[in-house]
Structures are given as C-alpha cells and as structure tokens.
Amino acid sequence: MEFRVAQLEALGRFLDEKKQEILEATALDMAEFSEILLCKNELHETLNNLSHWTKDEHVAKNMVTRLDSAFIRKDPYGVVLIIAPWNYPINLVLVPLIGAIAAGNCVIVKPSEMTKNSEKLVAEALPSYLDKDCFAVVTAGAQETTRLLENKFDYIFYTGTPSVGKIVMMAAAKHLTPVTLELGGKNPCYVSDTCDVQIVAQRVAWGRFFNAGQTCIAPDYVLCSMEMQEKLLVALSKAVNDFYGSNPQESPNFGRIVGYKQFQRLQEMLNSGQVVIGGETDEAQRYIAPTVLVDVQPSDPIMQEEIFGPILPIITVANVDEAIDFINSRERPLVVYAFSSNSKVEPTGCLKPGLRLPRAPWQVFSATFILQKPSLGL
C-alpha cells in the first residue's frame, strides 16, 4: 500500500514539475487541457479511495463455507502492458497507469510513436519519477510493437482502432492474457424536434470540435428531421463562432490534425454531401475548419468509418423510429447521444424503443481503471 501511494504521488510530482514541458509537447502534438487537469483529477480520485479499494470484501457464507472465513481479495494481475494512442498522448498513458499502479502491478508503457514530442517526454522524464524495477517505458513503431506483443503479459490495456485491437487481442489470446480494448466507433447523435436548439448546438459543437474532433466519444453524425436541420444549422454556426471566433484558424482554442496522412484522409471526406459551415483547409498547418455537411448519404465515404476530425455530417430522418432503424442497421457505436424534451426519448435507454446500446459505457473522458483480479479466500 505504501509503495503504491509513493508511486502515485510521484506521478503527481511529474504532472506538477513537468507541467510546462507537457503543455509544450502536447501543444506541438495535440491539445492541452485534457492532458493535465483530467489526469490530476484521476490521481486525486485514486489516492482518496485507494485504502478502501484495497480492503478485502467480506461476502455472505453458504453451506459449504459456513465454518470458514469467506472474503474476496483483490490481487494484482502482474505485469501490465499499456499501449497508448496519439489523440490524448499523455492522458491515455497516465490514466491506465494510475489504475495499474493502484492495483499493485508492474507496468510497461508504450506511448504512441505518432506524437513524437509527447513520446519523447514520456520516455525521457517519466522513468525518473517511478521505481525502475517496476515501471518501464518502451518506444516502438508498428513492427517493434508486434514483437513486444509476442511476450507474455498478465494484462494488456490498448486504446486505438478496431483493426489494431484485433491484432492485440490475437496476440493476447496465445497466452490467455485478459485485455481492455478501448476502441473507436461512429457515435450517432439524435436530435428530436422537441429540444432547446441552442443548448444542443453548443454541446454538439463542443463534443465534435474539441481537440479538432480527434476524440473517440465525439458525436460522429447527427440524425434529425429536415425542420430541425434548418434550425440546428443556424445554432451550430453561432456556436462555432462563439467558441472559435469568425476565423477558427487563428483561434488559440482550436487544434490541428495530428499528421498529414490523417489530414489527407479527412480532406477526402469533405467530398461527401454539401458543406454548409466551414470547409476551409490548410495542409501546411494541418488545419481543417469546424465543418458541417448536409445532404449526406449513408453510402458516402464519410459514413463508412469513424471520422476522427472536425467534420459533422447531418442525415435527415422522418422520426425517432427511423433514427433507431438507421443506427441498428450499422455497427454498434461507442456512445449514443440523444437530445429531446420528450419523456419518450430520454437518456435512461439512450433511445428507448429498441435501440441496441453500445457495448461499453466509455461515456466520460476519464474513468478509473483498476487492473486487478478478484480471488476468493476461504
């Protein structure tokens, strides 16, 4: 317990003492806010609850255990591999690392090679704050990571794309290693005719355009009626202007695309439908303006994969039943968003009548991941 607390407190010092370096690295690579504030919140949550989480959980006895002392004890898995993505290059290293340390594991961290500045910072600075016998940072590209996965780990935590997630899971299956896969998805956002349009526009614009849209739980497309689309376009235009000004390219609050390959992929997506808000691009700066598309068809390229950029397509539907049918006809998303003032369309079921819910409730930016396994003590 004392060792875990010491390592967690060392992570806190890393965030404090390297704050400027983190801000500079993430500003060059990606965003700022999420990389420090949310990590510190996660750290405080863990330190405040660690003593409670590590206690044995006493359970009711049955006929077999009546003469025994029955309890559940949480044991560390052992050696954990954390493979982090590029879109939140500090957050998605430290958040699972905090959970792994809290649960008593040793950890190998593999930061994303696509965010070079953050990777260098993590590789050079983080090990000096942690016990080197228990925690290590490995820098690796795709080939080296494939070789890394050939080793036997006791738990693997991967954040990234479904295609790479399949590779991670196949490698883990050879050793029966448990995994957490936090993958992307095309997250639908249904907007009913009964809602406060200004509030909806502000929330959708924030979720879609934060970090230049490079967030796995961002709303990926909007489903609404034709009448609501007209109202929403006006409100979205105002929200974008309120957030980023008349020229978002000059706004200090609007991010850039992580690399040129991703920029070109997103630029091709702009050929889907019709641009009604934004659409400007600057390859030299990897800039794509906050963009809204209409007249988008389900067969268009932008609807075939997760967008992962600052582009929001709108598809019109006649009613909520048609929206549900549309969502259910596609792969299950990571998150479903619904906006309505009608009690028949409410978040308790996301969209009540027959919608298949996401497989995993990754509906917050930060969540405590405790990588430990329960064992029954008799």
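Before the lining, one term: strands here are DSSP runs of E, at least two residues long, numbered from the N terminus. Keep that in mind. And remember that this is a predicted model.

Let's start inside. How many cavities of 30 Å³ or more does a search of the whole structure find? Two. I'll take the second largest. About 60 Å³ of space lies in there.

What lines the second largest cavity? From the earlier part of the list, Leu-97, Val-107 and Val-109. Then Leu-126, Pro-127 and Leu-130. Then Phe-135, Ala-136 and Val-137. Two elements give two or more residues each to that lining: β4, at 106-110, and β5, at 135-137. Which one gives the largest share? That's β5, with three residues. Now the chemistry. The lining of this cavity has nine nonpolar residues, no polar ones and no charged ones.

Next, the largest pocket. About 1,500 Å³ of space lies in it. Its lining takes in 50 residues. Which of them lie nearest the centre? Gly-160, Thr-161, Pro-162, Ser-163 and Gly-184. The elements that give two or more residues to this lining are α6 (142-148), β6 (155-160), α7, β7 and α10 (260-269). The largest share comes from α7, with five residues. By class, the pocket lining has 25 nonpolar, 13 polar and twelve charged residues. Set that beside the second largest cavity, whose lining has no polar and no charged residues.

Last topic: backbone angles. Most residues other than glycine have a negative phi. Here are two residues with a positive one.

Take Leu-176. Its phi is near 55°, and it is not a glycine. Where is it found? In the loop between α7, at 162-173, and β7, at 179-183. Buried or exposed? Leu-176 has 77% relative accessibility, so it counts as exposed. The cut-off for exposed is over 50%.

Now Arg-286. Phi is positive here too, about 55°, and again the residue is not a glycine. Arg-286 lies in the loop between β11 (281-282) and β12 (287-288). Buried or exposed? Relative accessibility is 18% for Arg-286, so it counts as buried. Buried means under 20%.

To recap the two loops. Leu-176 counts as exposed, whereas Arg-286 counts as buried. Both carry a positive phi: near 55° for Leu-176, about 55° for Arg-286.

Notes
Residues are numbered from 1 along each chain as its sequence is written. This is a predicted model: local features need pLDDT of at least 70, side-chain atom pairs count only at pLDDT 80 or more; totals for chains, interfaces and linings use all residues. Side-chain values use heavy atoms; hydrogens and water are left out. On a 1 Å grid over the protein atoms alone, a cavity is a set of points where a 1.4 Å probe fits but cannot get out, and a pocket is an open set with protein on both sides within 12 Å along at least five of seven lines; lining residues have an atom within 4 Å of a point. Grid points are joined across faces, edges and corners, and a volume is the space filled by probe spheres set on the points. Helices (H or I, at least four residues) and strands (E, at least two) are DSSP runs, numbered from the N terminus. Ala, Val, Leu, Ile, Met, Phe, Trp, Tyr, Cys and Pro count as nonpolar, Asp, Glu, Lys and Arg as charged, and the others, Gly among them, as polar. Buried means under 20% relative accessible area, exposed over 50%, partly exposed in between (1.4 Å probe, protein chains only).
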